[in-house]
Amino acid sequence: MSLRRAAQAGGPAGTRAKIILLAHQGRTDVAIAAELGIARQTVARWRRRFEAAADGVVPDGTGVLADAPRSGRPPVPEIPVLLATATAPPEGGRSAAGLAARLGLSAATVRRVWRRWGVVVHRDRIRSESGVLAGEIERFGGLYLNGGDGAFAYWLRTGRPATGPADAGTFEPMLALLDAADSRDECFPERRDLEFEQFLDQLLPARPDGTVLRVVVSDPAMTDSDVIMPWLARPDVRIGPPPSAGWAIFLAAVIAAELGPGTGAAAGTRIADRVERLRRSAPDGREPIRWIA
């Protein structure tokens, strides 16, 4: 696929292709960042990577657009462990050995995932430093999709357990919005940091007492803006990528934990798959999707 076709396809690779094409036209990093609505540092990073790989000549191939391969041992399947932990029945289903047998892993692997995510498993409850698995999630907050960018928010209870598990119907409006989004073709001028800030502004009035807003983003560059920087300094807001690279599957873990044992894993996986497919296929310039629970 050519760079021009990659740019038309949208998603993260599409944005990177646009950066390379505009840079080849002699545009400055500042001008490219303003046109695409992204951070100047992001432009500079991908320009340097392209120039190092292609010596400044635009090739037909687009391999330089992909994320760099990772070396070392195969990654631990963290998300299946988290989903299984979040939805396991309290009676005998939350031991490392029991989960390992269900997932075809070793008990040591399960414990390693728990340590990485700060998970502490008790007979009657599960606690996690990331607020994903226990009664620390007060309520799901919202979902934001804009071309290749994505974010979701949830409220973390501080000081005492959450009020109770959510109902599956909480997420039906989000699914309806995602279904409708596939048929939309309206395009709007992009200034992604301002659009992302509008999403954050919409969340704050719905803040439950005694909670902290956690916003998980698909790309750390989404916070690399003078508009978003003040949000990073707020004590009642935490914005950043998830502990694992799979942000959409992290969304599944949050939903699974909120819905409780039984139906949580299936519902969370379904929604996360739908979100990720839409995020990958949505062209840049499509109207942002904002859903506030």
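Okay, one bit of vocabulary before I start: two strands count as paired if DSSP finds at least two bridges between them. Keep in mind that what you have in front of you is a predicted model.

With that, look at Tyr 144, which stands opposite Ala 151 in strand 4. The two strands to look at here are strand 3, residues 137-146, and strand 4, residues 149-157. They run antiparallel, and eight bridges join them.

Now zoom out to the sheet. It's an open one, five strands, in the order 6-5-4-3-7, and the pairing is mixed. At the edges you have strand 6, at 237-240, and strand 7, at 289-292, each of them pairing on one side only. Going from one strand to the next, the twist averages 15°.

What packs on this sheet? Helix 11, residues 247-259, does, and it touches strand 3, strand 4 and strand 5, the last of these being 211-217. The direction of helix 11 makes about 150° with that of strand 3. Then there's helix 8, residues 172-181, which lies across strand 3 and strand 7. Against strand 7, helix 8 runs at about 170°.

Okay, rings. If you search the whole structure, you get nine aromatic pairs. Take Phe 152 and Tyr 154: why does that pair count as stacked? Well, the ring centres are 6.2 Å apart and the planes sit at 25°, and the cut-off for stacked is planes under 30 degrees apart. Both residues are buried: Phe 152 has a relative accessible area of 0%, and Tyr 154 comes out at 0% too.

Another stacked pair is Phe 196 with Phe 199, at 6.4 Å centre to centre and 15° between the planes. These two sit in helix 9, residues 192-203, and because they are three residues apart there, about one helical turn separates them. Buried or exposed? Phe 196 counts as buried at 2% relative accessibility, and Phe 199 is buried at 0%.

Back to Phe 152 and Tyr 154 for a second, since they belong to a cluster linked by ring pairs. The other members are Phe 140, Phe 171, Trp 247, Phe 250 and Trp 291.

One more ring, this time with a charge. Arg 234 lies over the face of Trp 231, at 5.1 Å from the ring centre. And which side chain does Arg 234 meet in a polar contact? That would be the side chain of Asp 236, at 3.1 Å. Asp 236 is in the loop between helix 10 and strand 6. For an Asp in a loop, here's the number: the relative accessible area is 14%, so Asp 236 is buried, given that the cut-off for buried is under 20%. Leaving out residues up to four places away in sequence, Asp 236 touches Arg 207, Val 212 and Leu 213.

Last stop, Ala 221. You'll find Ala 221 in the loop between strand 5 and helix 10, the helix at 229-232. Its relative accessible area is 21%, so Ala 221 is partly exposed. How far is Ala 221 from Asp 149, in sequence and in space? In sequence, 72 residues; in space, 9.4 Å, C-alpha to C-alpha.

That's my tour. Over to you.

Terms used:
Residues numbered from 1 in each chain as written. Predicted model: local features only at pLDDT ≥ 70, side-chain atom pairs only at ≥ 80, totals over all residues. Heavy atoms only, no water. Helix = DSSP H or I, 4+ residues; strand = E, 2+ residues; numbered from the N terminus. Axes fitted to C-alpha atoms, helices over the stretch in contact; angles between N-to-C directions. Contact = heavy atoms within 4.5 Å. Buried < 20%, exposed > 50% of the residue type's maximum accessible area, 1.4 Å probe, protein only. Phe/Tyr/Trp six-rings, centres within 6.5 Å; stacked < 30°, edge-to-face > 60°. Lys NZ or Arg CZ within 6 Å of the ring centre and 35° of its normal. Polar contact = N/O pair within 3.5 Å; in protein donor to acceptor, adjacent residues only side chain to side chain.
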